[in-house]
Structures are given as structure tokens and as C-alpha cells.
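Student: I've got a model open and I'd like to learn how people back up what they say about one. Can we go through it together?

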Amino acid sequence: MNTHRDSGQQDPRQFDQQKQMDLVRDRFTRTASVFADFALADRGAEAEHLLRLIAPADNERALDVACGPGTLARIFARQVRWIGGLDLTPAMLARARDDAAANHIANFSPARGNALQMPFGDGTFDIVVTSYSIHHLPDPVVALREIARVVKRGGRFGLLDMAVSESPAYAKACNDIEIARDASHTRALPVSEFNSLFASCGFAVAACEIEDHPRSFDQWMHTAGWKRGDAAFEQTRKLLEASIPGDTAGLRAKFLSDPPTHPSAAGDSRPDIELHHTAAFIVGRKQ
Ligand SMILES: C[S@@+](CC[C@H](N)C(=O)[O-])C[C@H]1O[C@@H](n2cnc3c(N)ncnc32)[C@H](O)[C@@H]1O
């Protein structure tokens, strides 16, 4: 059941946990290759940003929750003694192992598991990190409580995720666009809700920074496995276009004036659209 009592937010949708896990595995199996290519090539700077905020010591043990292809873990592995990775999707874990082997990263161990019921004892880790995962989970409160359980007292939790507008109407419009693109998207949160969740789950916020990430709509859809003409592509584009007057989803979307360059645009002269995602980097210390 999905409630947001602790954060004061209401989400009328109810998520069946098993169904949600099936949607996640389907999406990230279907797009394992394009998603991992994108994340490993383009999210290194974001991983470095979170690493700087956490500043690990070389004797610390860490965990990357919903690690995907090891986007954070491969960067954190340079500075910690050992880092585990946990993910639901075998195709993502295979990519994480291949990347670690190709880059001679011996202290990263990815394994299959559910972020909401982690196979670790209380207080196992000095550091837990997660990136772009909370908006795929059925309930952020349950997720953060489980993360808080496996972090040691005094340990740190580093979160990197997209954040939506503080306006509930804009946030809903943005989440509707995300869901049209990706059926495994549950709900992206505003920064204030992340901060409340940290506090209610026993983390004192030590750092909270945001970054602006402009993106090409065609490329963004490509990493979700869609091309122009696909029903999901067209429905998502329709919702995004409708948000442009008045910026009603807070994505600051605008039509690009140059002809489209993405391969999926061949024979389709509609302009690409630039949109902006807000990335939140939040670090908390367990009380
Ligand atoms: C958008 S990807 C992010 C991957 C990686 N952290 C990154 O930033 O590139 C989301 C990942 O969360 C994983 N995931 C979603 N729900 C999960 C759950 N309940 N337990 C473990 N992994 C989960 C998916 O399999 C997928 O690899």
C-alpha cells in the first residue's frame, strides 16, 4: 500500500509491490543496454558530485541501492574499502559486473535483491547511496526506513534523484509525463519532501544541492526504449508539448529551432524539444 503520511503528501494510486517489481524488471531488462550506455557515459560527474559531498574514508564499507549498471558504485569504489550493489534486474547486474571487470574494479560486488527488504543486518554499512531509484519504488517512506535500518549510527546516506516542482499541480503534471514515458515510474518528489523524509527516517541533513540538467526529448525517450512513432513516445510528447505554454510541468520545455538530429527523427521533421530536469543531491547523517 502506498501512503505518504510521514511526508504529508497524498498519492491516490495504490501500488502492488509485486506488480511494481515486475514493471521495473520489464522496463530495465528491455532497456538495459541503452540505459546503461547512457548512465555509465553521462552520469559520472553526478556520481563525483555525490562522492565529494560524502567524502568517504578508505576503510569504509558502502552500499549502492538499486545500483543499475553501477553508476555510483564504480566511482565510490575508488575511495571506499568495499561497496556492495543491490538491484532487482539481472540484466542491469550483468552490465555492472561487466563494467567492473573491464575497469579492474575488484572491490564492487553487485547482487540481486529488493531495496525494500534488503538482505543485510541492522547497521551494516558506513555509507549507503542511491541514484534515480526512489521514483521507481512504491513508497519512499518504506524505502528510506529500510535504508536507515542498514546504515550505522553516525553513518551517511547519499541520495541523488530527480526532483519535481514544489507546486503539487506542476509536480503532478511532471509525474504524468514521466509515467507516460515509463510505466515503472511511481512518483518523483519535490526537494522539501525529500528533506522531510530524511528527518522522519532519522537522518540529519548535512548537504542539499541541486543541479539543472538540460536534455533532448528524443534522447531522453531513447533511453526509455522509445522512438518517434511509438505510442509511448507520441503520448509523452503530447503531454510535454501541452505543458509548454505556462510551463505547467516545471520542465522548462521549449521547441528547438535546429532540425532534429537524433537517428529516430529520420523522415520526421518535427523539432526536438529541450527539457530540464532538476537533480537533487542530499546527504544525511544517521542520528
Ligand atoms: C533509473 S535506474 C537507476 C540505476 C542507477 N542507480 C543509476 O543511477 O544509473 C533504476 C534502477 O532501480 C532498480 N530498482 C527499481 N526498483 C527496485 C527495487 N525495489 N529493488 C532494487 N532495485 C530496484 C532498477 O532495476 C534499475 O536498475
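Student: Which helix and which strand each supply at least two residues of the shell around the ligand?

Tutor: α1 (17-30) and β2 (82-87). Helices (H or I, at least four residues) and strands (E, at least two) are DSSP runs, numbered from the N terminus. α1 gives the most to that shell, with 3 residues. Bear in mind that this is a predicted model: local features need pLDDT of at least 70, side-chain atom pairs count only at pLDDT 80 or more, and totals for chains, interfaces and linings use all residues. Residues are numbered from 1 along each chain as its sequence is written.

Student: What makes a residue count as near a molecule?

Tutor: Its C-beta atom, placed from the backbone, has to lie within 6 Å of the molecule. Here 22 residues surround the ligand, and the closest are Ala-66, Gly-68, Thr-71, Ala-115 and Ser-131.

Student: How do the residues of that shell divide into nonpolar, polar and charged?

Tutor: There are 13 nonpolar, 7 polar and 2 charged. Ala, Val, Leu, Ile, Met, Phe, Trp, Tyr, Cys and Pro count as nonpolar, Asp, Glu, Lys and Arg as charged, and the others, Gly among them, as polar.

Student: Why is His-104 called exposed?

Tutor: A residue is exposed if 12 or fewer other C-beta atoms lie within 10 Å of its own, buried if 20 or more do, and partly exposed in between, with C-beta atoms placed from the backbone. His-104 has 6 such neighbours, so it counts as exposed. It lies in the loop between α5 (90-102) and β3 (108-112), and has a positive phi of about 55° despite not being a glycine.

Student: And why does Arg-252 count as partly exposed?

Tutor: Arg-252 has 15 C-beta neighbours inside 10 Å, so it falls in the in-between class. Arg-252 sits in the loop between α10 (231-243) and β8 (254-255), and its phi is also positive, near 45°.

Student: How much of the protein chain is buried?

Tutor: Buried residues make up 44% of the 287 residues.

Student: How do you know that the radius of gyration agrees with a compact globule?

Tutor: The radius is taken over C-alpha atoms, and the globule rule is 2.2 Å times the number of residues to the power 0.38. For 287 residues that rule gives a value near 19 Å, and the protein chain has 18 Å, so the two agree. The C-alpha trace spans about 55 × 45 × 35 Å along its principal axes.
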